Amino acid sequence: KTLLRSSFIHEDDRAIVLKGLSGITPKHPRCRMEIRLMTSGGGYEWFDVYANALWDADSGSRLGYLGKLTNINDPLTGLSNRKRIEEQIAQALEDDKENGAAFLFIDVDNFKAVNDTLGHMFGDEVLRHVASEIRRKVRTSDIVGRVGGDEFIVFLRNIRSLDTISKKAGEICAAFKSKYSEAIPHGGISCSVGIALYPGDGACYEDLMYKADQALYAAKEDER
């Protein structure tokens with residue numbers, strides 16, 4: 001009870017914890033939850049939590065819990081990591097079967113050169129800024145994650161208009177271009193985007209990722 005009242009667990013997730021722990025019985029001795037927990041920096045990040053109850057062999061009463069925590073956020077940007085975004089998109093596709101969606105695969109152009117010339121600390125700052133701007137440009141219902149060193153995914157839910165999708169991709173790319181224009185040669189940061197559409201290009205994460213990756217490759221070829 002003390003733990004549930006503490007700020008360690010995000011207030012919006014305390015009911016999930018209470019329900020999960022209350023459901024543990026000798027016949028069902030463990031539970032799994034995705035909840036936000038406070039980190040050493042004072043912010044909240046998403047964790048996979050596996051909880052097991054400890055039982056008194058004589059009385060059968062519950063003595064406490066053992067848990068395993070796995071951070072499912074990208075530690076640099078705070079966005080969903082590859083594993084979590086796959087799960088989120090799979091769930092969104094299941095929930096929104098009748099609605100259109102767009103899968104955007106975003107790659108920061110020439111990022112290796114940024115790291116090589118300006119250093120990895122500067123490169124990390126750039127990635128955090130890119131992540132922040134992407135998140136700012138989409139709706140709270142959309143899904144955003146970092147899946148590689150300089151690769152991001154945006155999943156736009158409940159959207160069919162090609163014009164709207166194209167406009168949103170352009171807004172994302174333009175959002176961070178001017179930030180480092182003086183520090184980075186040739187006009188600052190730019191990005192390339194590959195777009196796959198649900199359901200036309202695929203009905204699962206793997207198919208949409210494959211199509212978006214192909215589109216990204218074609219976009220980079222056109223830019224050369």
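Two strands are taken to pair if DSSP finds at least two bridges between them. With that in hand, the sheet of this predicted model can be walked through strand by strand.

The sheet is open and has four strands in the order β5-β6-β4-β7, with antiparallel pairing. Its edges are formed by β5 and β7 (191–198), each of which pairs on one side only. On average, neighbouring strands of this sheet are turned by 15 degrees against each other, direction ignored.

Strand β6 (151–156) is a good place to look at the pairing in detail. On one side, β5 (143–146) runs antiparallel to β6 and is joined to it by four bridges. Here G145 has I153 of β6 as its bridge partner, and I143 stands opposite F155, also in β6. A hairpin of four residues makes the connection from β5 to β6. Strand β4 (residues 101–108) likewise pairs with β6 in the antiparallel sense, this time over six bridges. In that pairing, F105 of β4 is matched with I153. Residue I153 thus serves as bridge partner to G145 and to F105. As for its surroundings, β6 is largely enclosed by the rest of the structure, because five of its six residues are buried. As a general point, side chains in a regular strand alternate between the two faces of the sheet.

A helix also packs against this sheet: α6 (residues 162–175) lies across β4, β6 and β7. Relative to β7, helix α6 runs at about 155 degrees.

The loop between β5 and β6 holds a residue that deserves a closer look, namely D150. This aspartate is buried yet has no salt bridge. The nearest side chain of opposite charge belongs to K220 and is 6.7 Å away, whereas a salt bridge would require a side-chain nitrogen of Lys or Arg within 4 Å of a carboxyl oxygen. Leaving aside residues up to four places away in sequence, D150 touches I106, D107, V108, F111 and L127. Among these contacts, I106, D107 and V108 fall within the range of β4 (residues 101–108), the strand that pairs with β6.

Finally, the cysteines can be considered. The model has zero disulfides, on the criterion of a pair of cysteine sulfur atoms within 2.5 Å. Residue C191 counts as buried, because its relative accessibility is 9%, under the 20% limit. C204, by contrast, is partly exposed, with a relative accessible area of 28%.

Methods
Residues numbered from 1 in each chain as written. Predicted model: local features only at pLDDT ≥ 70, side-chain atom pairs only at ≥ 80, totals over all residues. Heavy atoms only, no water. Helix = DSSP H or I, 4+ residues; strand = E, 2+ residues; numbered from the N terminus. Buried < 20%, exposed > 50% of the residue type's maximum accessible area, 1.4 Å probe, protein only. Lys, Arg positive; Asp, Glu negative; His and termini not counted. Contact = heavy atoms within 4.5 Å. Axes fitted to C-alpha atoms, helices over the stretch in contact; angles between N-to-C directions.
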